[in-house]
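Reader: I have a protein model to look at and plenty of terms I don't follow yet. Could you go through them with me?

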Amino acid sequence: MSCIDQLCLCIQGCKKLWGGRFSEDTDPKFHELNASIDVDKRMYAEDIESSLAYAKAIRSANLLSDEELQAIINGLQQVKAEWEKGRFAIHVEDEDIHTANERRLSELIGNVAKKLHTGRSRNDQTITDTKLWLRKSIDVLLKKMTKLIQVLVDRAVNDIEIIIPGYTHMQRAQPVKWSQWLLSYAWYAKADVERLQEIRNRVNVLPLGSGAIAGSPFQIDRRSLANELNFFEITENSMHAVGDRDFVAEFLFWSSLTAIHLSRLCEDLIIYNSEEFGFVKFSDQFLTSSSLMPQKSNPDCMELIRGKAGTLLGKCMGFMTTLKGIPSTYNKDLQEDKEALFSTCDILNNIFVVMTGALNTLEVNNRKCADALTSNMLATDMTYYLIRKGIPFRDAHYLSGKVIALSDSFEVSPCELTLEQLQTVSEMFQEDVMQIWNFSNSIEQYKVAGGTSTLALREQINNLRTWLQQYNFA
């Protein structure tokens with residue numbers, strides 16, 4: 001007997017939650033396409049949590065007796081224990097986690113289980129479970145992200161004396177502190193945390209009690225139900241409630257943007273780790289080698305994170321396209337939200353742990369960073385020097401450019417030009433011009449808030465530490 005024939009026999013005679021309308025059995029391949037249990041079984045705890053709260057709500061509406069409520073509570077707790085111990089047996093007729101849990105509850109407590117779904121639809125049940133699951137997942141992500149920020153801040157403190165070339169257009173621009181570079185990504189991450197907190201607030205609105213589309217005909221106290229499940233608010237329109245997946249789309253977009261920030265961080269570190277730069281070295285824990293070239297030390301941890309950013313963006317675009325094509329309220333297309341949501345959270349959780357570990361163990365080669373500094377990076381300081389002599393910015397900028405051209409013509413660094421040579425460009429150059437050829441002095445002039453001076457960096461560090469302590473993330 002083929003697998004399809006066996007599946008046909010299993011499905012025949014099975015009483016589905018919605019099967020009373022039909023006289024023919026479900027096509028096995030359609031059943032396979034329709035079933036989501038392999039994906040949404042991850043929400044078993046949330047499905048039981050929402051069902052326990054709903055059972056109390058319908059008891060308050062006098063739709064259950066005290067004895068029936070207690071039987072449902074005891075049964076659901078047993079179902080949860082079976083899941084947690086790995087003993088829950090999924091049956092072929094279990095379309096989804098809601099069907100599976102209700103089927104098992106019926107086996108345990110009999111007909112009383114059939115009352116649990118009174119006034120409830122899988123339409124409002126699945127979105128409630130999804131929000132419960134995502135809310136917990138967001139809390140986990142917030143903790144991991146703030147650990148990453150803490151590492152960036154701690155490294156900024158410990159490495160505050162290191163100077164590197166700052167780059168624009170991948171060309172050496174101006175000298176900056178290594179800590180300034182580190183903190184630039186800490187501020188990206190802080191913004192990502194704050195955006196995720198805002199998404200969590202929008203997730204934390206209860207749809208349960210909306211039924212399939214029209215609401216509930218029974219006196220369900222939805223605000224009490226929200227309080228039971230720790231939701232801040234309730235949805236105000238049943239049609240909107242069951243069809244809304246904006247929070248999923250928003251989370252997927254947030255994930256894509258956050259991963260893009262991490263991808264840019266990875267790209268910087270991959271470049272800095274190259275032998276051509278040599279600014280940093282990863283711990284062996286986060287490196288691989290070549291199956292052919294034994295000398296290789298590859299920063300695969302960074303490359304994989306950079307690659308996952310594209311994967312996450314694809315999941316966001318895929319689900320957004322799904323939303324675009326459907327009419328209002330609930331449609332089965334929305335079942336696609338779970339795979340995108342679950343896999344995205346899994347990827348992000350792994351990424352944050354790896355990135356945090358890699359940054360925490362990263363070695364910075366101070367000598368290589370210093371060797372990469374060149375005096376033509378102080379051309380802007382020359383402009384500032386002339387401005388302080390009373391020359392307008394545009395003219396000062398032009399004269400500084402002429403000095404760089406002059407140094408190029410002599411094939412020397414700008415700092416090697418003599419005063420006499422400088423004065424062929426402008427007589428405003430005096431002996432004190434030689435003071436500008438100092439990278440530490442250059443950096444320390446940027447004391448304005450957000451600058452790269454030690455003073456400004458300590459202000460950034462204090463602000464980030466205060467923020468971490470305020471939200472109890474550290």
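Author: Sure, let's start with one residue. Setting aside neighbours within four places in sequence, Phe251 is in contact with Leu134, Ile138, Leu141, Leu196, Ile199, Leu341, Thr344, Cys345 and Leu348. This is a predicted model, where local features need pLDDT of at least 70 and side-chain atom pairs pLDDT 80 or more, while totals for chains, interfaces and linings use all residues. Residues are numbered from 1 along each chain as its sequence is written, and side-chain values use heavy atoms, leaving out hydrogens and water.

Reader: What makes Leu134 a contact of Phe251?

Author: Contact means heavy atoms within 4.5 Å, and Leu134 is listed among the contacts of Phe251.

Reader: Which residues have the most contacts inside the largest nonpolar core?

Author: Trp178, Phe251, Leu269 and Met302, in a core of 112 residues. A nonpolar core is a set of buried Ala, Val, Leu, Ile, Met, Phe, Trp, Tyr and Cys residues joined through side-chain atoms within 4.5 Å. Buried means under 20% relative accessible area, exposed over 50%, partly exposed in between (1.4 Å probe, protein chains only). A second, separate core has 16 residues, including Phe429 and Trp437.

Reader: How much of the chain is buried?

Author: Buried residues make up 50% of the 474 residues.

Reader: How do you know what radius of gyration a compact globule would have?

Author: The rule is 2.2 Å times the number of residues to the power 0.38, with the radius taken over C-alpha atoms. For 474 residues that is near 23 Å, but this chain has 31 Å. Its C-alpha trace spans about 100 × 55 × 40 Å along its principal axes.
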